[in-house]
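Visitor: I'd like to walk through this model with someone who can put numbers on it. Could you pull it up?

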Amino acid sequence: MAKLYFKYGAMGSSKSAQALITKFNYEELGMKVWLIKPSTDTRDGAEIIKSRIGLEAKATIITPEQNIEEEYRRAGRYDVIISDEAQFFTSAQIDQLRTLVDTDDLPVLCFGLRTDFLTHFFPGSQRLMELADSITEIKTVCACGRKATVNARIDKDGNVITEGSQVFLGGNDSYIAMCHKCWKQKIREQQG
């Protein structure tokens with residue numbers, strides 16, 4: 001029985017690496033994987049999913065205007081769908097992935113962030129939290145040793161940024177995973 005999976009974690013928790021390892025595991029069993037990602041994510045190239053440890057693969061790009069269910073039907077027959085950066089999909093696109101699980105008995109594994117740099121849901125993540133059959137946190141740690149849950153956006157001097165647009169692409173130079181306590185403490189210190 002197929003399921004909709006949401007595997008989320010803070011920045012640096014190995015989400016992309018796990019998505020690519022999962023792809024490899026399915027393919028090693030002779031299964032055909034449709035690897036997709038939202039067009040919003042262009043950090044490593046429009047069609048590339050790349051992990052910090054160097055794993056990478058080519059993926060199908062999905063724009064916000066595209067219907068994922070229709071794109072899947074055009075793409076051909078696959079045994080599984082794996083998505084990286086699923087937080088950038090629209091709510092409607094998450095509904096389309098849910099439909100593919102239900103109508104085609106197709107497993108769909110979505111990897112991504114749960115919240116933005118201000119701890120607010122991304123639309124795609126919120127809808128996944130509402131619809132997924134399985135929700136798993138991929139854990140990482142804050143510099144203090146606690147579990148990191150916040151994707152703190154930082155400037156070039158390491159200061160935590162507390163305003164701006166929800167989407168700002170960047171890697172280790174723009175974001176750091178922190179526990180909520182350290183994040184709030186850093187903001188207080190900067191204001192002090």
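Here is a short round of questions and answers on the structure shown.

Visitor: Ground rules before we start: what kind of model is this?

Guide: Residues are numbered from 1 along each chain as its sequence is written, and side-chain values use heavy atoms, with hydrogens and water left out. Local features need pLDDT of at least 70, side-chain atom pairs count only at pLDDT 80 or more, and totals for chains, interfaces and linings use all residues, since the model is predicted.

Visitor: Okay, empty space first. How much space lies in the largest cavity?

Guide: A cavity here is a set of points, on a 1 Å grid over the protein atoms alone, where a 1.4 Å probe fits but cannot get out. Grid points are joined across faces, edges and corners, and the volume is the space filled by probe spheres set on the points. A search of the whole structure turns up two cavities of 30 Å³ or more. The largest one holds about 60 Å³.

Visitor: How do the residues of its lining divide into nonpolar, polar and charged?

Guide: Lining residues have an atom within 4 Å of a point, and here they are Y8, G9, A10, R114, T115, E137, A148, T149 and N151. Ala, Val, Leu, Ile, Met, Phe, Trp, Tyr, Cys and Pro count as nonpolar, Asp, Glu, Lys and Arg as charged, and the others, Gly among them, as polar. On that scheme the lining comes out as three nonpolar, four polar and two charged.

Visitor: On to salt bridges. How many does the count come to?

Guide: The rule asks for a side-chain nitrogen of Lys or Arg within 4 Å of a carboxyl oxygen of Asp or Glu. By this rule the count comes to 11.

Visitor: Take K23 and E27: is K23 buried or exposed?

Guide: The side chains of K23 and E27 meet in a salt bridge at 2.8 Å, N to O. Both sit in helix 1 (residues 15–28), four residues apart, about one turn of the helix; helices (H or I, at least four residues) and strands (E, at least two) are DSSP runs numbered from the N terminus. Buried means under 20% relative accessible area, exposed over 50%, and partly exposed in between, with a 1.4 Å probe and protein chains only. E27 is partly exposed because its relative accessible area is 35%, while K23, at 15%, counts as buried.

Visitor: K58 forms a salt bridge too; with which residue?

Guide: The closest N and O atoms of this pair are 3.6 Å apart. K58 lies in strand 4 and its partner in the loop between strand 2 (33–38) and strand 3, so the pair ties together parts that are 11 residues apart in sequence. K58 is exposed at 59% relative accessible area, and the partner, partly exposed at 40%, is E47.

Visitor: And which residues are joined into one network?

Guide: One more pair before that: D157 and K156 meet in a salt bridge at 3.6 Å, N to O. D157 counts as exposed at 57% relative accessibility, and so does K156 at 79%. As for the network, salt bridges that share partners join E69, R73 and D104.

Visitor: Which residues form the nonpolar patch on the surface?

Guide: Patches take residues with over 30% relative accessible area and no salt bridge; like charges are joined within 9 Å, and nonpolar side chains (Val, Leu, Ile, Met, Phe, Trp, Tyr) within 5 Å. Areas come from the Shrake-Rupley method with a 1.4 Å probe, and for residues only the protein chains shown count as cover. One member, I53, is in the loop between strand 3 (48–50) and strand 4 (56–58) and counts as exposed because its relative accessibility is 68%. Together the patch has about 290 Å² of accessible area, and its residues are I21, I53 and L55.

Visitor: What separates the C-alpha atoms of P38 and F88?

Guide: P38 is in strand 2, and it counts as buried because its relative accessible area is 1%. P38 and F88 are 50 residues apart along the chain, yet their C-alpha atoms are separated by 6.0 Å.

Visitor: Last one, backbone: what is phi of S14?

Guide: S14 lies in the loop between strand 1 (4–8) and helix 1, and counts as partly exposed at 29% relative accessibility. T119 is not a glycine either, and has a positive phi of about 70°. For S14, phi is also positive, near 80°.

Technical notes. 1 Å grid on protein atoms, 1.4 Å probe; cavity = no way out; pocket = protein on both sides within 12 Å on 5 of 7 lines; lining within 4 Å.
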